[in-house]
Amino acid sequence: MKYRIQNANGTFLNAGTGLNSWFTLEGARGLVNYSDGQRIVEHDGVSVLWEIL
């Protein structure tokens with residue numbers, strides 16, 4: 001799992017909540033809400049690498 005859902009404010013979905021904030025690409029695609037400004041990004045554990053379109 002190397003994908004995260006980034007919220008419009010730059011935070012990551014579920015980070016710090018005890019819920020999973022790392023996803024497979026298929027899992028992220030099922031949860032992302034583009035109309036709320038979320039986006040799927042590939043993350044290396046330190047930095048956002050790029051957005052997945």
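These legends walk through several close-up views of a predicted model.

Residues are counted from 1 along each chain as its sequence is written, and side-chain values rest on heavy atoms, with hydrogens and water left out. Local features need pLDDT of at least 70 and side-chain atom pairs count only at pLDDT 80 or more, while totals for chains, interfaces and linings use all residues.

**View 1. The whole protein shows 1 helix and 3 strands.** Helices (H or I, at least four residues) and strands (E, at least two) are DSSP runs, numbered from the N terminus. Follow the sequence and you meet the pattern β-α-β-β. The radius of gyration is 10 Å, close to the 10 Å from the globule rule for 53 residues, so the protein is as compact as a globular protein of that length. (That radius is taken over C-alpha atoms, and the rule is 2.2 Å times the number of residues to the power 0.38.) The C-alpha trace spans about 25 × 25 × 20 Å along its principal axes. Of the 53 residues, 34% count as buried, meaning under 20% relative accessible area, with exposed being over 50% and partly exposed in between (1.4 Å probe, protein chains only).

**View 2. Strand β2 pairs with β1 and with β3.** Two strands pair if DSSP finds at least two bridges between them. Here β1 and β2 are antiparallel over 4 bridges, and β2 and β3 (residues 48-52) are also antiparallel over 4 bridges. As landmarks, look for Tyr3 with its bridge partner Glu42 in β2, and Val41 with its bridge partner Glu51 in β3. In β2, 4 of the 5 residues are buried, so to speak of it as mostly covered is fair. **View 3. A hairpin joins β2 and β3.** Between these two strands lie 4 residues, and Gly45 in the turn has a positive phi of about 100°. The side chain of His43 reaches the backbone nitrogen of Gly45 at 2.9 Å. This is a polar contact: a pair of N or O atoms within 3.5 Å where, within protein, one must be able to donate a hydrogen and the other to accept it, and residues adjacent in sequence count only if both atoms are side-chain atoms. His43 lies in strand β2 and counts as buried because its relative accessibility is 8%. Leaving aside residues up to four places away in sequence, His43 touches Lys2, Arg4, Phe12, Trp22, Val48 and Leu49, where a contact means heavy atoms within 4.5 Å.

**View 4. Glu42 sits in strand β2 (residues 39-43).** With 11% relative accessibility, Glu42 counts as buried. Its side chain makes a polar contact of 3.1 Å with the side chain of Lys2. Beyond four places in sequence, the residues that Glu42 touches include Tyr3, Ser47, Val48 and Trp50.

**View 5. Arg4 lies over the faces of two rings, those of Phe12 and Trp22.** Arg4 is 4.3 Å from the ring centre of Phe12 and 4.5 Å from that of Trp22. A charge sits over a ring if NZ of Lys or CZ of Arg is within 6 Å of the ring centre and within 35 degrees of the ring normal. In strand β1 (residues 3-6), Arg4 and Gln6 point one way while Tyr3 and Ile5 point the other way, and all are buried.
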